[in-house]
Number of protein chains: 2
Amino acid sequence: MAAEEEILVPQEAAAFGDAARHAVYEVIRTRRDIRHFAPDGAVAADVLERILDAAHHAPSVGFSQPWGFVLVRDLEQRTRIRESFLRCRAREAERFPPARRAQYLALQLEGIVDAALNVCVTVDLRPADEAVLGATAQPDAVRFSACCAVQNLWLAARAEGIGVGWVSIVEPAVLRTELALPAGVEPIAYLCMGHPIAFRSQPMLEEVGWRPRRALADVVHEGRWQQTTDLVEQPTSRR
Amino acid sequence: MAAEEEILVPQEAAAFGDAARHAVYEVIRTRRDIRHFAPDGAVAADVLERILDAAHHAPSVGFSQPWGFVLVRDLEQRTRIRESFLRCRAREAERFPPARRAQYLALQLEGIVDAALNVCVTVDLRPADEAVLGATAQPDAVRFSACCAVQNLWLAARAEGIGVGWVSIVEPAVLRTELALPAGVEPIAYLCMGHPIAFRSQPMLEEVGWRPRRALADVVHEGRWQQTTDLVEQPTSRR
C-alpha cells in the first residue's frame, strides 16, 4: 500500500493542449440522443470494446465500479422489450393534452429494434461483505456512479461515430425479467447503439420545438439556489 | 416546428479524426477524483463558464435540463459543510473493522475548504405544469440526467487542468439548508473544484490498495446478466 504522502508527489497536472481540449468540448456539444439508425450492421468488436472500456473508467463511489453492461442482440428479446416501450408510451401519452399528445406520438423515441445492438447499464446494489466507502450518507451515490458510466459510454461512442439513444420509456420489471437480473441488480439505462443516420446539430426535442434550451445563467446560482449569476470572477475565500 | 421527416436529413454522421478521438479517450482515462488542491487561487471565470456550459450540454430526459449548479465560495459556509463531512466520516468509519478503519481515516477524502470553490449540482424534481417526456415509467431518469451533467463537468474540467472531487460523505439535509434549496430541489453531487496538486495515473483508492480495478470482462454480459463475454463480434439480428 502506498503511503498517503506519496499521493502528493506530482505526476501530471497539465491542462490539455488547445486541439485536445477542443475535441473534448466538441464531443460534449455534438453528442446526441439517437433514435434513427442506418442499416449498416454491427458495431465492430474493437470499437465496442473501446466504448465499454471508456464506460468502465467512469468515477465510482468508493471505487465500487458497481456497473454492468448487458449486450442485447437477440431480435426476439428486443421485440419483447419494445412491446414494453409501446405500452409505456401509450400510458405516458395520456398525460398530455390532445394537441401535445399528437405531437408526442409522432416523435421517434427509440431505436430498440433498428439499432445494431442494445446495452442495458445495470447497477449492483446488493449488500457486500464490506460497506462501500462514501455510500453511507448518500446511498444513491452507487446508482449515480453507473450514470457517469453511461455518459462516458455516450461520449466515447460519439467520438467513434456511433450513435446512442437512452430509452427510459420502458418497464424496469420487463428489463429485470428479460435480462435475468438478480434481485438487487437494477437497470439504470437501456441504450440503443449503432450507426446513426445523422448527428443533428440540436437535440431532437429542441429541433422539433418540444422544449427550448435553458440559458446557462438560469441554471447557475451563486452561494444559494435561485440567485443567478453572470459568472463574474469573484474573490475566493481560502484557509 | 420542424417536420419529423426532416430529422432524417443527414447533417453530420462522421466519427472523430484519430487525434480528436484520442483526446476523448485520454480525458476519460486521466480524469481523477481530486482531494489535494494547490493554493493557486480561483478558477478563472471564463474557464468556469466553459466547464459549466459543458455540464449544461448533458443529455436530459425529455430535454428537461433539470440541473442547477450552486457555486459555493464562502469560507464559513464551506466550513459548516465540512463539519457535516466530518460527522458522516466518523459514522462511516464505524462500519469498518479496526485495521481497515485506520486506513479509511488516514485517507484524504475531500478538499471542501482547500479547493478554489465548491459546486453543488442539484436536480429539480418539483411537479411542473406538464409531465416530463420519458419520466413516467422511470422517474429516476430525471436524477440520472443531473448525473450525466456531473460527468460532463468533470471531463471538461480535466481538459482544462482543473481538478474535481465528488464528496458524497455529507448530509443532504445540511446541503439543503446551507444552499437554501426549495422543497423538491435535491442535491445530487457536492463537488470540490480547483487547481490540483496532480492528476495521478490511477484512482487514489486503487493506488493505496483500498480496492482493485475490476476487469472489463467481469462487467460485460452477453444477452443476460452474469454471462461474461470475450466481446467477439457476433452476428446482429435485425429487422
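Here are some friendly notes on this predicted model of two chains, A and B.

1. **How far to trust it.** The model is a prediction, and its overall scores are ipTM 0.92 and pTM 0.92. For chain A the mean pLDDT is 91, with 89% of the residues at 70 or more. Please take care with residues 227-239 of chain A, where the pLDDT is below 50. That stretch still has 31 contacts in the model beyond near neighbours in sequence. Where pLDDT is low, predicted coordinates should not be read in detail.

2. **How the copies are related.** A turn of 180° with a shift of 0.0 Å along the axis lays chain A on chain B, and the RMSD is 0.0 Å. This is therefore the relation of a two-fold axis. The contact surface fits that picture: 100% of the interface residues of chain A are also interface residues in chain B, so the copies meet through the same surface.

3. **What the interface is made of.** On each side the count is easy to remember, as 130 residues of chain A are in contact with 130 residues of chain B. Which helix gives the most to the side of chain A that touches chain B? It is helix α5 of chain A (residues 141-159), with 11 residues. By class, the side of chain A that touches chain B has 79 nonpolar, 25 polar and 26 charged residues.

4. **Helix α1 against its copy.** Have a look at where helix α1 of chain A (residues 18-30) meets helix α1 of chain B (residues 18-30): their axes come within 8 Å and cross at roughly 80°. With an angle between 65 and 115 degrees counting as roughly perpendicular, α1(A) and α1(B) are therefore roughly perpendicular to each other. From α1(A) the contact uses A:Ala19, A:Ala20, A:Ala23, A:Val24, A:Glu26 and A:Val27, and from α1(B) it uses B:Ala19, B:Ala20, B:Ala23, B:Val24, B:Glu26 and B:Val27. In this contact of α1(A) with α1(B) there are 10 nonpolar and two charged residues, and no polar ones.

5. **Helix α1 within its own chain.** Inside chain A, α1(A) also packs on α5(A), at an angle of about 105° and with the axes 9 Å apart. These two helices, α1(A) and α5(A), are therefore roughly perpendicular to each other. A:Val27, A:Ile28 and A:Thr30 of α1(A) make this contact with A:Leu155, A:Arg158 and A:Ala159 of α5(A). The classes here are four nonpolar, one polar and one charged. Note that A:Val27 is listed in this contact and also in the contact with α1(B).

6. **A sheet that takes in a strand from the other chain.** Five strands form an open sheet with mixed pairing, in the order β3(A)-β4(A)-β2(A)-β1(A)-β5(B). At the edges stand β3 of chain A (163-166) and β5 of chain B (220-222); each has a single partner strand, so one side of each is left without a neighbour in the sheet. On average, neighbouring strands of this sheet are turned by 30° against each other, direction ignored.

7. **The strand pairing between chains.** Strand β1 of chain A (residues 67-72) runs parallel to β5(B), joined to it by three bridges. Which residue of β5(B) is the bridge partner of A:Val70? That partner is B:His221. In the other direction, strand β5 of chain A (residues 220-222) pairs with strand β1 of chain B (residues 67-72) in the parallel sense, again over three bridges. Here A:Glu222 has B:Leu71 of β1(B) as its bridge partner.

Methods
Residues are numbered from 1 along each chain as its sequence is written. Chains are lettered from A and ligands numbered from 1 in the order in which they are written. This is a predicted model: local features need pLDDT of at least 70, side-chain atom pairs count only at pLDDT 80 or more; totals for chains, interfaces and linings use all residues. Axes are lines fitted to C-alpha atoms, for helices over the stretch in contact, and angles run from 0 to 180 degrees between N-to-C directions. Helices (H or I, at least four residues) and strands (E, at least two) are DSSP runs, numbered from the N terminus. Angles under 35 degrees count as roughly parallel, over 145 as roughly antiparallel, 65 to 115 as roughly perpendicular and the rest as oblique. Two residues are in contact if their C-beta atoms, placed from the backbone, lie within 7 Å. Ala, Val, Leu, Ile, Met, Phe, Trp, Tyr, Cys and Pro count as nonpolar, Asp, Glu, Lys and Arg as charged, and the others, Gly among them, as polar. pLDDT is the predictor's confidence in each residue, from 0 to 100. Copies are superposed by least squares on the C-alpha atoms of residues with pLDDT of at least 70 in both. Two strands pair if DSSP finds at least two bridges between them.
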